[in-house]
Amino acid sequence: MPDTVIREIEGAHAIWFANSRSFLLLEEPAWDVFSRYAAGETPNTIAGFCREKYGAQETDIELFVEEIIQLIDYYNDSA
């Protein structure tokens, strides 16, 4: 992910987006979505990973993944 700084803070991850001069604080499973999206995985692949890792804990995994990706894209936008 271009122009980001990531620091781990007490089990969460603070992500600084230089383009928007903003940060997000993510915990699992949102952190899993971010790290895999930043590595270039598709939303479907990320949803499959989350389904395997978290099972029934997330009832609407595809929507969750989509919402987290929308947040990432929003904060990564320079506008």
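Which residue stands opposite Leu 24 in E3? Keep that question in mind while moving through this predicted model, because the answer comes once the sheet has been laid out strand by strand.

Begin by selecting the three strands together, which form an open sheet in the order E1-E2-E3 with antiparallel pairing. Strand E1 (4–9) and E3 occupy the edges, and each has a single partner strand, so one side of each is left without a neighbour in the sheet. Looking along the sheet, one finds a twist that averages 20° from one strand to the next.

Next, select E1 with E2, which are paired in the antiparallel sense over six bridges. Highlight Thr 4, whose bridge partner in E2 is Phe 17, and then follow the chain to the turn of this hairpin, where two residues lie between the strands and Glu 10 has a positive phi of about 50°.

Now select strand E2 (residues 12–17) by itself: five of its six residues are buried, so E2 is largely enclosed by the rest of the structure.

Add E3, which is joined to E2 by five bridges and runs antiparallel to it. Here the opening question is settled, since the residue opposite Leu 24 in E3 is Ile 15; Trp 16, in turn, has Phe 23 as its bridge partner in E3. The hairpin of E2 and E3 has four residues between the strands, and within this hairpin Arg 21 takes a positive phi near 55°.

Stay with strand E3 (residues 22–26) and show its side chains. In a regular strand the side chains alternate between the two faces of the sheet. In E3, Ser 22, Leu 24 and Leu 26 make up the covered face, whereas Phe 23 and Leu 25 belong to the uncovered one.

Finally, select helix H1 (residues 30–38), which lies across E1, E2 and E3 and runs at about 45° to E2.

How values were computed:
Residues numbered from 1 in each chain as written. Predicted model: local features only at pLDDT ≥ 70, side-chain atom pairs only at ≥ 80, totals over all residues. Heavy atoms only, no water. Buried < 20%, exposed > 50% of the residue type's maximum accessible area, 1.4 Å probe, protein only. Pairing = 2+ DSSP bridges. Axes fitted to C-alpha atoms, helices over the stretch in contact; angles between N-to-C directions. Contact = heavy atoms within 4.5 Å.
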